[in-house]
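Thanks for making the time this morning. I would like to walk through one model with you, going from a single side chain out to the sheets and then to a pocket.

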Amino acid sequence: MSDIQSFRQSVEAFISARGWTPTRFGRIVAGDPLFVFDLRDGREPRSETRARILKAMAELGDTDRQAPLRVGVAGLGNVGATLVRILQKDGAELTRKLGRQLEVVAVAARSRSRDRGIDISGLEWFDDPVALAKWDGIDLFVELIGGEDGPAFAAVKAALEIGRPVVTANKALLAKHGVTLARLAEESGAQLGFEAAVAGGIPVIKTLREGLGSARIAKVFGIMNGTCNYILTRMGNEGISFADCLKDAQALGYAEADPTFDVEGFDTAHKLSILATLCFGYEIAPDKIRVEGISGITQHDIQVAADLGYKIKLLGIAERTESGIEQRVHPTFVPKGSAIAGVDGVMNAVALETDHVHELLLAGPGAGGPPTASSVLSDILDIARGTRVPPLGVPSDELLPYREAPHRAHEGGYYIRLSAKDVPGALAAIATRMGEKSISIDSVIQRSDLSAKAVAPDGSPTRTVVMITQQTLESSVREALAEIAADGFIVGEPQLIRIEKL
């Protein structure tokens, strides 16, 4: 057998034994992605090239025998248990792809006896997640406990301080302490992964940190809470109330027993604050977000939206302006023909507007054990491969102090629903107040099928009045509504929803 034939056999055996693609071998070993294809076509590399590649193959062979990456998992809820199950079930396949074994060696949780559908009998058990984070028996710490402070923060901080890589799915933790934790990671040389913290199984964090190159992002917006999207979708499709949809969501496990964090928009706000930092390079500022939830949405709003060619979605929106960053979370009228309007059920979607790729939409399952665990695993694999990027996209000391943009006129206008007294002069008085604040009314809708059968405290009947405004300031609308309420012509709280031109 000639030297070149022996060389070809060695290359093919190396590729076959590791399950590599020819392109991967060419890129990693030969320095040319097409090397193996050319070799198979009859190319005969020079002897010094063959020697260099054989040496690289031998060195990689030594690397293949490196010790397993030992993983400690704190938190064995739905996501944590699913992650352990995946690592145990797919261990051989992951080793083949990675070239190194991934092994869960220790866990921490509240109850040792709870049946989670996984075998933890051979794993080290820790009652204290901080002790697990510091334990010398692990190489990587995964935090799936939840909560912005307490044991989650203490454990992640402890791991990063000693240079131990961390993967977390905890958006509340990152929204409050993200800059501090990123700085700790950079100082100790540890990686910090949090793909699962925003939009579950959608790889939006990786896209922002690694996939867009020099593209300048002008705006990020999207559906970031599966519970709210499920409720609004069913309200629109089936004509049922918010309360009934919420009960079903709780029964299916989509909503917590106390759903406030989801339905009042706070979960979306935490995620948006993280995305805004990655997009615009400012410090995380969840307390600078204007937040409204969906608990006030009624079938009146759903019906009018549909008649006007819209759907209602809870959107998180962050935008770069010349005077700072605007962040807001609120129910929104979105055109039925827009891509975001087609994202229904428990699905999430994040849209990015950039100068290079214009609008990029990433959509997929936003919650649940398998999608979230898949994102956690993606971070683990990146860390095992040695991928290193600043946790927040740029070094933490280069983040700009957050600068909130002043309120601007909203281009899409507003939807306003009032329960107005059905008495002479009421509608004229409402229109007058709007005019005094320079608010132009595009249309007024009064329909008997939308009438809330209510009676004012003074005995007057009421009717539902819907107004669509042209571009105006939200502050002007709210001032006008306050004055209308003081005039005594409306009953209850008015509904105000932005209309977005997407």
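**From one threonine to two sheets and a pocket**

Before anything else, please keep in mind that what you see is a predicted model.

Let me begin with Thr82, which, once its neighbours within four places in sequence are set aside, is in contact with Gly369, Pro370 and Ala373. As for where this residue sits, Thr82 belongs to helix H5, the helix that covers residues 78-89. Is Thr82 buried or exposed? Its relative accessible area comes out at 8%, and because the cut-off for buried is under 20%, Thr82 counts as buried. The side chain of Thr82 also has a polar partner, since one of its polar atoms lies 2.6 Å from the backbone oxygen of Asn78.

Let me turn now to the strands, and in particular to strand E11, which takes in residues 347-354. Six of its eight residues are buried, so the rest of the structure largely encloses this strand. Which strands does E11 pair with? One partner is strand E7, residues 217-223, which runs antiparallel to E11 and is joined to it by six bridges; within that pairing, Val220 stands opposite Leu352 of E11. Another partner is strand E12, residues 358-365, where the pairing is again antiparallel and extends over eight bridges, with Glu353 having Glu359 in E12 as its bridge partner.

The next sheet to look at is an open one, in which six strands follow the order E3-E2-E1-E4-E5-E6 with parallel pairing. Its edges are strand E3, at 124-126, and strand E6, at 192-193, each of which pairs on one side only. If we follow the sheet to the E6 edge, we find that strand E5, residues 166-168, pairs with E6 in the parallel sense over two bridges, and that Val166 stands opposite Leu192 in E6.

Finally, a word on empty space, which is found by rolling a probe the size of a water molecule over the atoms. The second largest pocket has a volume of about 390 Å³. It is lined by 17 residues, of which Gly75, Leu76, Ala109, Arg110 and Ile145 are the closest to its centre. How does the lining of this second largest pocket divide by class? There are eight nonpolar, five polar and four charged residues in that lining.

To return to where we started, the residue to keep in view is Thr82, buried and in helix H5.

Terms used:
Residues are numbered from 1 along each chain as its sequence is written. This is a predicted model: local features need pLDDT of at least 70, side-chain atom pairs count only at pLDDT 80 or more; totals for chains, interfaces and linings use all residues. Side-chain values use heavy atoms; hydrogens and water are left out. Helices (H or I, at least four residues) and strands (E, at least two) are DSSP runs, numbered from the N terminus. Buried means under 20% relative accessible area, exposed over 50%, partly exposed in between (1.4 Å probe, protein chains only). A polar contact is a pair of N or O atoms within 3.5 Å; within protein, one must be able to donate a hydrogen and the other to accept it, and residues adjacent in sequence count only if both atoms are side-chain atoms. Contact means heavy atoms within 4.5 Å. On a 1 Å grid over the protein atoms alone, a cavity is a set of points where a 1.4 Å probe fits but cannot get out, and a pocket is an open set with protein on both sides within 12 Å along at least five of seven lines; lining residues have an atom within 4 Å of a point. Grid points are joined across faces, edges and corners, and a volume is the space filled by probe spheres set on the points. Ala, Val, Leu, Ile, Met, Phe, Trp, Tyr, Cys and Pro count as nonpolar, Asp, Glu, Lys and Arg as charged, and the others, Gly among them, as polar. Two strands pair if DSSP finds at least two bridges between them.
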